[in-house]
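Student: I have just opened this structure and would like to understand the words used for it. Could we go through them together?
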Amino acid sequence: MSASRRLVAVVLPLGVAGPAAATAPLERQPAQHEGAFDLHHYADGKAARAAVEDRTVYGAVVVTAEGPELPTASAASPVVAQLLREAVAERTAATGAGLRTVDVVAAPATDPRGAALGASVLPPALAGIAAGAVVSLLGLRGIRAVGALVGAATLVGLVAAALAHSWLGVLTGDWWAEAAVLLSTLAVSAAVAGCAALVGMPGIGAVSFLVMFLGNPFSGAASAPRMLPEPVGTIGQWLPPGAGTTLLRSVSFFDGAAAVGPALTLLWWAALGLGAVVPGSLLKQPPTLAAPTPETPRRALVA
């Protein structure tokens, strides 16, 4: 199966730059496969490369005097970068021109296929589920529960950053920013504890199912969210594993580009979960009986 056919089921943002007469054949070829590419037009190659670095597009076809050029970013997704190289090379070959590829944001040499980053989705999610479940089973309430959840997430974030950045070298951005992103554990643990505080132990199972059986496979960590059929890719970005992975890519390889959306998603999950811990715990507390006063008739107490 050719790369062009493999791209039919998904929509990948692709930039195009250069003279209209030169880019028209390249634009017409992808259009034969409806839904394969979401074309973005740019004034020149510099603007197209900036769009790749800003994570607006996964790559761009730039027609220059020396021939067509394809800036890509394997750090965004090695799978997508490879598919774009194959697909665009096939299109340019039909026009009789060679293709020069440029990896403007390369994946780290220690993880060229993004396997380690893809595997980073599961441990924070499992740690978050475990932390939220332990806090709920221990019966911690109010500020004590919030403190335990924040403390556990901080520990997980620091340890994960030390392993992924300092030891394995699969992350290359600011260490503290990566550790903060790996606090996405808090979004999961807070959701587990908050749901358990509101509805009891079934809340732990409900959030665990949502995170593990939907969030993990829908995250697109192994390839890219745009490689998943819609609305699966969008749903995955609304859940902590997908938002956490996208945010980690942004802060580690792209200097925080396109980080606002996933950061807000994780923030809302954490805020709603922690916000549910305190009122949920109060609602589940048994009512306390008022102590008898000296004026209370003994007969009323006996009754």
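Tutor: Gladly; we will take the overall make-up, then the sheet, then some rings. Keep in mind that this is a predicted model.

Student: What does the secondary structure of the protein come to?

Tutor: The protein has 14 helices and five strands. Of its 303 residues, 46% are buried.

Student: How are the five strands ordered in the sheet?

Tutor: They form an open sheet with mixed pairing, in the order β2-β1-β3-β4-β5.

Student: Why do β2 and β5 stand at the edges?

Tutor: β2 (37-42) and β5 (100-103) each have a single partner strand, so one side of each is left without a neighbour in the sheet. Neighbouring strands here are turned by 25° against each other on average, direction ignored.

Student: How do you know that β4 and β5 pair?

Tutor: Two strands pair if there are at least two bridges between them. Strand β4 (residues 67-72) and β5 have four bridges, in the parallel sense, so they count as paired. As an example, Leu70 has Thr101 in β5 as its bridge partner.

Student: Which helix lies across β1, β2, β3 and β4?

Tutor: That is helix α3 (residues 45-53), which runs at about 170° to β3.

Student: What makes Trp175 and Trp176 an edge-to-face pair?

Tutor: Ring centres must lie within 6.5 Å, and planes over 60 degrees apart count as edge-to-face. For Trp175 and Trp176 the values are 4.9 Å centre to centre and 75° between the planes, so both conditions are met.

Student: Why is Trp175 called partly exposed, and Trp176 exposed?

Tutor: Buried means under 20% relative accessible area and exposed means over 50%, with partly exposed in between. Trp175 has 22%, so it counts as partly exposed. Trp176 has 59%, so it is exposed.

Student: Why is the pair of Phe209 and Phe213 called stacked?

Tutor: Planes under 30 degrees apart count as stacked. The planes of Phe209 and Phe213 are 25° apart, and their centres are 5.4 Å apart, so this pair is stacked. Both residues lie in helix α10 (residues 202-218), four residues apart, about one turn of the helix. Phe209, at 47%, is partly exposed, whereas Phe213, at 58%, counts as exposed.

Student: How do you know that the charged end of Arg55 sits over the ring of Phe254?

Tutor: The CZ atom of Arg must be within 6 Å of the ring centre and within 35 degrees of the ring normal. The charged end of Arg55 is 5.0 Å from the centre of the Phe254 ring, and it is listed as sitting over that ring.

Methods:
Residues numbered from 1 in each chain as written. Predicted model: local features only at pLDDT ≥ 70, side-chain atom pairs only at ≥ 80, totals over all residues. Heavy atoms only, no water. Helix = DSSP H or I, 4+ residues; strand = E, 2+ residues; numbered from the N terminus. Axes fitted to C-alpha atoms, helices over the stretch in contact; angles between N-to-C directions. Contact = heavy atoms within 4.5 Å. Phe/Tyr/Trp six-rings, centres within 6.5 Å; stacked < 30°, edge-to-face > 60°. Buried < 20%, exposed > 50% of the residue type's maximum accessible area, 1.4 Å probe, protein only.
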